[in-house]
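Okay, thanks for making time, everyone. I'll put the sequence and the structure up on the screen, and then I'll just talk through it.

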Amino acid sequence: MKKLLIIIALTGCSYNPVPDLRVSKTANLYQRDLRDCRELSVMASSSFDKWITSNTYKKMVSVCLKGRGHSIITDL
């Protein structure tokens, strides 16, 4: 479990999705939402028994940001 979190922390947290802030509903909250979505994705990943790839982590972050009203250009 600890190895999984370390791998996600090393590979996934460097993921910086590219938002289109002009069409995002709450552009002024993007940095806060990005931090929250990263934390939520790590928590969700740790509940899986399978190996979580960095692409899965990136997809979870993008889905979370879209759910908060942000338009993400670098969707996987």
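Let's begin at Ala-27, which counts as partly exposed because its relative accessibility is 29%. Ala-27 sits in the loop between α1, residues 2-11, and α2. So where does this residue come up against the rest of the chain? If you leave aside neighbours within four places in sequence, Ala-27 is in contact with Leu-21 and His-70. There's also Gly-69, which is 42 residues away along the chain, with a C-alpha to C-alpha separation from Ala-27 of 8.7 Å. Before I go further, please keep in mind that this is a predicted model.

Let me stay in that loop for a bit. Asp-20 is also placed between α1 and α2. Buried, exposed or partly exposed, what would you call Asp-20? With a relative accessibility of 28%, Asp-20 goes down as partly exposed. Setting aside residues up to four places away in sequence, Asp-20 touches Ser-71 and Ile-73. Take Ile-73: it is 53 residues from Asp-20 in sequence, but the two C-alpha atoms are 6.6 Å apart in space.

Now Pro-17, another residue in the loop between α1 and α2. Pro-17 has a relative accessible area of 5%, and therefore it is buried, the cut-off being under 20%. Which residues does Pro-17 contact, once neighbours within four places are left out? Those are Tyr-30, Leu-34, Val-61, Leu-65, Ile-72 and Thr-74. Tyr-30 and Leu-34 belong to α2, and Val-61 and Leu-65 belong to α3. One distance to go with that: Pro-17 and Lys-58 are 41 residues apart in sequence, and their C-alpha atoms are 8.3 Å apart.

Okay, stepping back to the overall layout. The protein has three helices and zero strands, so going from the N terminus you read α-α-α. Of its 76 residues, 30% are buried. And if you take the contacts between residues at least 6 apart in sequence, 66% of them join residues at least 24 apart.

Next, the helix pair. What do α2 and α3 do with respect to each other? The axes of α2, residues 30-46, and α3, residues 54-67, come within 9 Å and cross at roughly 135°. That crossing angle is why we call α2 oblique to α3. As for handedness, α2 passes α3 in a right-handed crossing.

So who meets whom? From α2 you have Tyr-30, Asp-33, Leu-34, Cys-37, Arg-38, Leu-40, Ser-41, Val-42, Ala-44 and Ser-45. On the α3 side, the partners are Tyr-57, Met-60, Val-61, Cys-64 and Leu-65. Sort the residues of that contact by type and you get 11 nonpolar, two polar and two charged.

One of the α2 residues in that list is worth a look on its own, and that's Asp-33. Asp-33 is found in helix α2, and because its relative accessibility is 3%, Asp-33 counts as buried. What is around Asp-33, leaving aside neighbours within four places in sequence? The contacts there are Thr-26, Leu-65, Arg-68 and His-70. You'll remember His-70, since it also came up as a contact of Ala-27.

Then there's the disulfide. How many are there? The count comes to one. It is formed by Cys-37 and Cys-64, with their sulfur atoms 2.1 Å apart. The pair links distant parts of the chain, with Cys-37 in helix α2 and Cys-64 in helix α3, 27 residues apart. The torsion about the S-S bond is about -70°, so this disulfide is left-handed.

Are those two cysteines buried or exposed? Cys-37 has 0% relative accessibility and therefore counts as buried. Cys-64 is at 17%, so Cys-64 counts as buried as well, with the cut-off at under 20%.

Last residue, and then I'll stop. Gly-67 is in helix α3. Its relative accessibility is 66%, so Gly-67 counts as exposed. Gly-67 and Cys-37 are 30 residues apart in sequence, and from C-alpha to C-alpha they are 10.0 Å apart in space.

That's my tour, so over to you for questions.

Technical notes
Residues are numbered from 1 along each chain as its sequence is written. This is a predicted model: local features need pLDDT of at least 70, side-chain atom pairs count only at pLDDT 80 or more; totals for chains, interfaces and linings use all residues. Side-chain values use heavy atoms; hydrogens and water are left out. Axes are lines fitted to C-alpha atoms, for helices over the stretch in contact, and angles run from 0 to 180 degrees between N-to-C directions. Helices (H or I, at least four residues) and strands (E, at least two) are DSSP runs, numbered from the N terminus. Angles under 35 degrees count as roughly parallel, over 145 as roughly antiparallel, 65 to 115 as roughly perpendicular and the rest as oblique. A crossing is left-handed if the near helix is turned anticlockwise from the far one by less than a right angle, and right-handed if clockwise. Contact means heavy atoms within 4.5 Å. Ala, Val, Leu, Ile, Met, Phe, Trp, Tyr, Cys and Pro count as nonpolar, Asp, Glu, Lys and Arg as charged, and the others, Gly among them, as polar. Buried means under 20% relative accessible area, exposed over 50%, partly exposed in between (1.4 Å probe, protein chains only). A disulfide is a pair of cysteine sulfur atoms within 2.5 Å.
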